[in-house]
Amino acid sequence: MASEELAQKLQRRLQLEQSGAAVEGEAAAVEGEAAAARGEEAAGDEAERSCLTASAGAELSAKLCRRQDINEGAAQPRRAAVFNPYTEFKEFSRRQIKDMERMFRLYDSGRDGYIDLMELKLMMEKLGAPQTHLGLKNMIKEVDEDFDGKLSFREFLLIFHKAAAGELEEDSGLLTLAKLSEIDVSIEGVKGAKNFFEAKVQALSSASKFEAEIKAEQDERKREEEERKHRRAAFRELKSAFTQ
């Protein structure tokens with residue numbers, strides 16, 4: 001009986017030892033696979049770093065070679081295109097362009113060299129011709145050559161260029177802007193200049209109603225102030241009559 005029990009214990013222990021060896025073997029295999037994966041990843045990173053280094057080295061080498069060619073006179077430096085309103089918009093005088101620039105800067109509240117949609121909205125409100133959101137977007141779209149959704153100074157000048165040349169529709173918000181501005185671009189010899197000047201006069205006449213209302217309010221305030229002065233003077237005279 002004791003021999004059978006001892007035999008069972010020995011068999012059980014042998015099974016446990018065999019099971020432990022199998023687990024250790026699997027763990028070793030997994031560790032080997034992980035090490036191989038890490039090796040492949042490290043090799044990939046090293047290859048990527050080598051490519052980036054080679055690319056950066058080639059770019060730097062190209063820049064240095066171009067700089068050397070420029071210094072030796074074998075190549076010309078690239079010059080950025082500079083916008084000159086006086087040479088591009090020759091139909092306008094220097095004073096007219098200065099007036100346009102002054103107006104542009106007045107409404108460029110962000111001081112970033114552009115008039116965005118909200119700044120254009122304020123401009124049209126100040127000119128007495130408020131526009132809808134869609135109308136403002138359409139105004140910008142008419143002259144937005146770089147499709148950035150705002151007006152550069154050059155695009156702002158295009159408004160007056162197109163207005164003077166008769167290239168804007170009668171219901172265009174940009175034509176309204178040009179008409180209501182204080183800038184006279186009615187130049188002899190420019191297509192549509194005479195019609196533009198007449199349209200501007202009509203627009204200013206239609207805007208005079210608003211100015212007349214303001215003047216009427218100012219006159220009314222002056223009249224009320226004069227009446228108060230007269231009443232105070234009469235009261236003082238009456239008071240002095242009773243005290244004598």
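Read from the N terminus, the elements of this protein follow the order α-α-α-β-α-α-β-α-α-α, which amounts to eight helices and two strands. The model is a predicted one, and its local features are reported only where pLDDT is at least 70. Of the 244 residues in the protein, 23% are buried, and the protein exposes about 18,100 Å², of which carbon and sulfur atoms supply 54%. As for how the chain meets itself, 48% of the contacts between residues at least 6 apart in sequence join residues that are at least 24 apart.

The interior is a good place to begin. The largest nonpolar core has 33 residues, and those with the most contacts inside it are Met103, Leu120, Met123, Phe156, Ile159, Phe160 and Leu177. At least two residues of this core come from each of helix H3 (94–107), helix H4 (117–126), helix H5 (133–143), helix H6 (153–164) and helix H7 (173–180), and H6 gives the most, with seven residues. Leu177 shows how these parts of the chain come together: when its neighbours within four places in sequence are left aside, Leu177 is in contact with Met103, Leu120, Met123, Met124, Leu127, Met139, Phe156, Ile159 and Phe160.

Helix H5 allows a view of how one element is placed with respect to its surroundings. Its buried residues are Gly135, Leu136, Met139, Ile140 and Val143, and these lie on the same side of H5 because they cover an arc of only 135° around the axis. The general geometry behind such a pattern is that an α-helix has 3.6 residues a turn, so residues three or four places apart point the same way. On the other side of H5, by contrast, His133, Leu134 and Lys141 are exposed. The cover over the buried residues of H5 includes H4, strand E2 (151–152), H6 and H7. One residue of that buried set, Met139, can also be placed relative to the loop between H6 and H7, where Ser172 is found: Ser172 and Met139 are 33 residues apart in sequence, yet 7.4 Å separates them in space, C-alpha to C-alpha. Ser172 counts as buried because its relative accessible area is 4%, which is under the 20% limit.

The aromatic residues give a further layer of the picture. The structure holds six aromatic pairs. Phe83 and Phe89 form one that is edge-to-face, with 6.4 Å from centre to centre and 85° between the planes. The two partners have different surroundings: Phe83 is partly exposed, at a relative accessible area of 31%, whereas Phe89, at 3%, counts as buried. Both belong to one aromatic cluster, which is formed by Phe83, Phe89, Phe92, Phe104, Phe153, Phe156 and Phe160. Within this cluster, Phe156 and Phe160 are also among the residues with the most contacts inside the largest nonpolar core.

Two further rings are paired with charges. The charged end of Arg94 sits over the ring of Tyr86, 4.0 Å from its centre, and Lys150 lies over the face of Tyr114, at 4.3 Å from the ring centre.

The loops between the elements remain to be considered, beginning with backbone angles. Arg111, in the loop between H3 and strand E1 (114–115), has a positive phi of about 55° although it is not a glycine. Its relative accessibility is 62%, and Arg111 therefore counts as exposed. A second residue other than glycine with a positive phi is Phe147, for which the value is near 55°. Phe147 lies in the loop between H5 and E2 and, at 75% relative accessibility, counts as exposed.

Further along the chain, Glu182 is placed in the loop between H7 and helix H8 (193–243), and with a relative accessibility of 69% Glu182 also counts as exposed. The C-alpha atoms of Glu182 and Leu127 are separated by 9.8 Å, while the two residues stand 55 apart along the chain. Leu127 has appeared above as one of the residues in contact with Leu177.

Definitions and conventions
Residues numbered from 1 in each chain as written. Predicted model: local features only at pLDDT ≥ 70, side-chain atom pairs only at ≥ 80, totals over all residues. Heavy atoms only, no water. Core = buried A, V, L, I, M, F, W, Y, C linked by side-chain atoms within 4.5 Å. Buried < 20%, exposed > 50% of the residue type's maximum accessible area, 1.4 Å probe, protein only. Helix = DSSP H or I, 4+ residues; strand = E, 2+ residues; numbered from the N terminus. Contact = heavy atoms within 4.5 Å. Arc of directions from axis to C-beta. Phe/Tyr/Trp six-rings, centres within 6.5 Å; stacked < 30°, edge-to-face > 60°. Lys NZ or Arg CZ within 6 Å of the ring centre and 35° of its normal. Areas by Shrake-Rupley, 256 points an atom, 1.4 Å probe, with all protein chains shown as cover.
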